Structures are given as structure tokens and as C-alpha cells.
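Visitor: I am new to this structure, and I would love a close look at one part of it. Please pick a spot and show me what surrounds it.

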Amino acid sequence: MTNYADIAVVGSVQNVQNLVGAAFTANKFRVNWQSATKGKAEKGSRGANLALGAFVQYYAVDFEIYPASQGATLRLFQANSGWVGGAIGAHRVKKQFDELYGLLTTWFQSQGVLAGAKMDKT
């Protein structure tokens, strides 16, 4: 299971916040900021997922922005396992996390601010 993924970005923390919000919104996630550098992005319905399992997908990603000397690092955490939907749900959530990592990496690259990216798989 992937524990986290890091995306290093050149620019101010505020610029990274704006880009993160825009990237999640463009991919149909709802973004809830818990603080200026921490939040959760959600897609789908948790209640429907609990009731209907793999038939209705719910996906959540916790994220945090860490300031660095030349910019910031966006760290993504897989917030749910998907096991409510059984093995199919768990596979879908893992696949969604991998796809989101790729989408965000591409998004930052297209904005000209990507400094590096890595996924931790343990």
C-alpha cells in the first residue's frame, strides 16, 4: 500500500495552495482546508459507499504543504483504504491514488513549477 507521495514545487506556499486547490477542483474533488497548509480532498459519497460498497465509490486524499527553501512540497496521503467495497473497492482506491499522483504531477509540470516527484511504496 502506498503510504504517501511527494510533489516538490517551485514557488511560494501561497502559489502552491492556489495550484493545489485548482488541480483538485479540476479533477472534481471537493477541497476542505483544515489550515493554510493542510486539508482533505474528497470525491464521491462516503455514506453511499458504506451502504452500497463497491457499487458507489468514495475516495479521499489528505494533503499537506511543507515549505522548503526554493518552494514547497505537497505530500499526499491515501485517506481511505477502500475495503468497505471489498477487494474491488480497495483496488479502485489504490488505482485512483496512483492516477491522482500522476495527474497532479502533470498539472504542476504544465504550470512550469514541478521540481520533482516521488511515491513511497511500502
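Guide: Let's start with the wider picture. Of the contacts in the chain with a separation of 6 or more, 55% come from residues 24 or more positions apart; a contact here means heavy atoms within 4.5 Å. Please keep in mind that this is a predicted model, in which local features need pLDDT of at least 70 and side-chain atom pairs count only at pLDDT 80 or more, while totals for chains, interfaces and linings use all residues. Residues are numbered from 1 along each chain as its sequence is written, and side-chain values use heavy atoms, with hydrogens and water left out.

The chain holds three helices and six strands. These are DSSP runs numbered from the N terminus, with helices (H or I) of at least four residues and strands (E) of at least two. Read from the N terminus, the order is β-α-β-β-α-β-β-α-β. Of its 122 residues, 38% count as buried, meaning under 20% relative accessible area; over 50% is exposed, and anything in between is partly exposed (1.4 Å probe, protein chains only).

Now for the close look: the spot I picked is Phe 63, which has its place in strand S4. With a relative accessibility of 1%, Phe 63 counts as buried. Leaving aside residues up to four places away in sequence, Phe 63 touches Val 20, Phe 24, Val 31, Trp 33, Thr 37, Lys 38, Gly 39, Lys 40, Ala 41, Leu 74, Arg 75 and Leu 76. Let's follow some of these neighbours in turn.

Trp 33 comes first on our walk. The whole structure has three aromatic pairs: rings of Phe, Tyr and Trp (its six-membered ring) pair if their centres lie within 6.5 Å, and planes under 30 degrees apart count as stacked, over 60 as edge-to-face and the rest as tilted. Trp 33 and Phe 63 make an edge-to-face pair, with 5.1 Å from centre to centre and 85° between the planes. This pair joins distant parts of the chain, since Trp 33 is in strand S2 (residues 30–33), Phe 63 is in strand S4, and they are 30 residues apart. Trp 33 has a relative accessible area of 36%, so it is partly exposed. The two rings also belong to a wider group: Phe 24, Phe 29, Trp 33 and Phe 63 form one aromatic cluster.

Two of the neighbours lead us to helix H1. Val 20 and Phe 24 are among the buried residues of H1, along with Val 16, Gln 17, Leu 19, Gly 21 and Ala 23. H1 covers 14 residues (13–26), which at 1.5 Å a residue should span 20 Å, and its end C-alpha atoms are indeed 20 Å apart; the expected span is 1.5 Å times one less than the number of residues. Just past the helix, in the loop between H1 and S2, is Lys 28. Most residues other than glycine have a negative phi. Lys 28 has a positive phi of about 65° although it is not a glycine. Lys 28 counts as exposed, at 69% relative accessibility.

Lys 40 is another neighbour worth a stop. Its C-alpha atom is 6.0 Å from that of Phe 63, although the two are 23 residues apart along the chain. Lys 40 also takes part in one of the two salt bridges found in the whole structure; such a bridge is a side-chain nitrogen of Lys or Arg within 4 Å of a carboxyl oxygen of Asp or Glu. Its partner is Asp 62, at 3.7 Å from N to O. Lys 40 lies in strand S3 (residues 38–44) and Asp 62 in strand S4 (residues 58–67), so the bridge ties together parts that are 22 residues apart in sequence. Asp 62 is partly exposed, with 26% relative accessibility.

Our last neighbour is Arg 75. Its side chain meets that of Asp 6 in a salt bridge of 2.6 Å, N to O. Here too distant parts are linked: Arg 75 is in strand S5 (residues 71–78) and Asp 6 in strand S1 (residues 2–10), 69 residues apart. Asp 6 is buried, at 9% relative accessible area. The charged end of Arg 75 also sits over the ring of Tyr 4, 4.0 Å from the ring's centre; this calls for NZ of Lys or CZ of Arg within 6 Å of the ring centre and within 35 degrees of the ring normal.
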